[in-house]
Amino acid sequence: MKTYAYYMNRCEDLANAAAKKGNSPVGAIIVKDDLIISEAEEAGKSKNDVTCHAEIEAVRIAMKKLNSSDLSGCILFTTHEPCIMCSYAIRFYKIKKVVYKNAVDYLGGVTSSMPLLISDDVPSHWAKPPEIEHWQSEKE
């Protein structure tokens, strides 16, 4: 079984690749049954599309690979706390756990005044809030 450090290191590699292309340094992967099923880097600037955050790109790839919009058996690892937009996608597609490394200053899905990742004030057909872990390397 791979460790969180293994997965987060892969996210960091993706973040570095994004930064080299002029994007924000964010990388994300989605894991199911200890296998990486998708990985993505931030691409908003290079694709000129604000919806191309690493987390959403990883969700898009995972849904295509699994041929399903139900990601309830998946864990999302990301270098940064998902924003409100990404949090919406995470909740809508029922990702069971989110592990992030860096909290964000604005519009974070956990730490902002709009904590969509942990709120119970969402449509009734959405999944319960995912388990959230603010990962710190010394834990591993």
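This passage describes the nonpolar cores of a predicted model and the strand pairing around strand S1.

The largest nonpolar core holds 19 residues, and of these Ile30, Val59, Leu71, Leu76, Ile90 and Ile95 touch the most other members. At least two residues of this core are supplied by each of strand S1 (27–32), strand S2 (35–41), helix H2 (54–66), strand S3 (74–80) and strand S4 (97–102), with H2 giving the largest share, 5 residues. Leaving aside residues up to four places away in sequence, Ile30 is in contact with Leu35, Ile36, Ile37 and Ser38, with Ala58, Val59 and Ala62, with Cys74, Ile75 and Leu76, and with Ile95. Apart from this core lies another, made up of 11 residues, including Tyr7, Met8, Ile29 and Trp135. Such grouping may be set against a general tendency, namely that in soluble globular proteins nonpolar side chains tend to be buried together.

Strand S1 is largely enclosed by the rest of the structure, because 5 of its 6 residues are buried. S1 is joined to S2 by 6 bridges, the two strands running antiparallel, and within this pairing Lys32 has Leu35 of S2 as its bridge partner. The hairpin formed by S1 and S2 has 2 residues between the strands, and in this hairpin Asp33 adopts a positive phi near 55°. S1 also runs antiparallel to S3, to which 5 bridges join it, and here Val31 stands opposite Ile75 of S3.

Definitions and conventions:
Residues numbered from 1 in each chain as written. Predicted model: local features only at pLDDT ≥ 70, side-chain atom pairs only at ≥ 80, totals over all residues. Heavy atoms only, no water. Core = buried A, V, L, I, M, F, W, Y, C linked by side-chain atoms within 4.5 Å. Buried < 20%, exposed > 50% of the residue type's maximum accessible area, 1.4 Å probe, protein only. Helix = DSSP H or I, 4+ residues; strand = E, 2+ residues; numbered from the N terminus. Contact = heavy atoms within 4.5 Å. Pairing = 2+ DSSP bridges.
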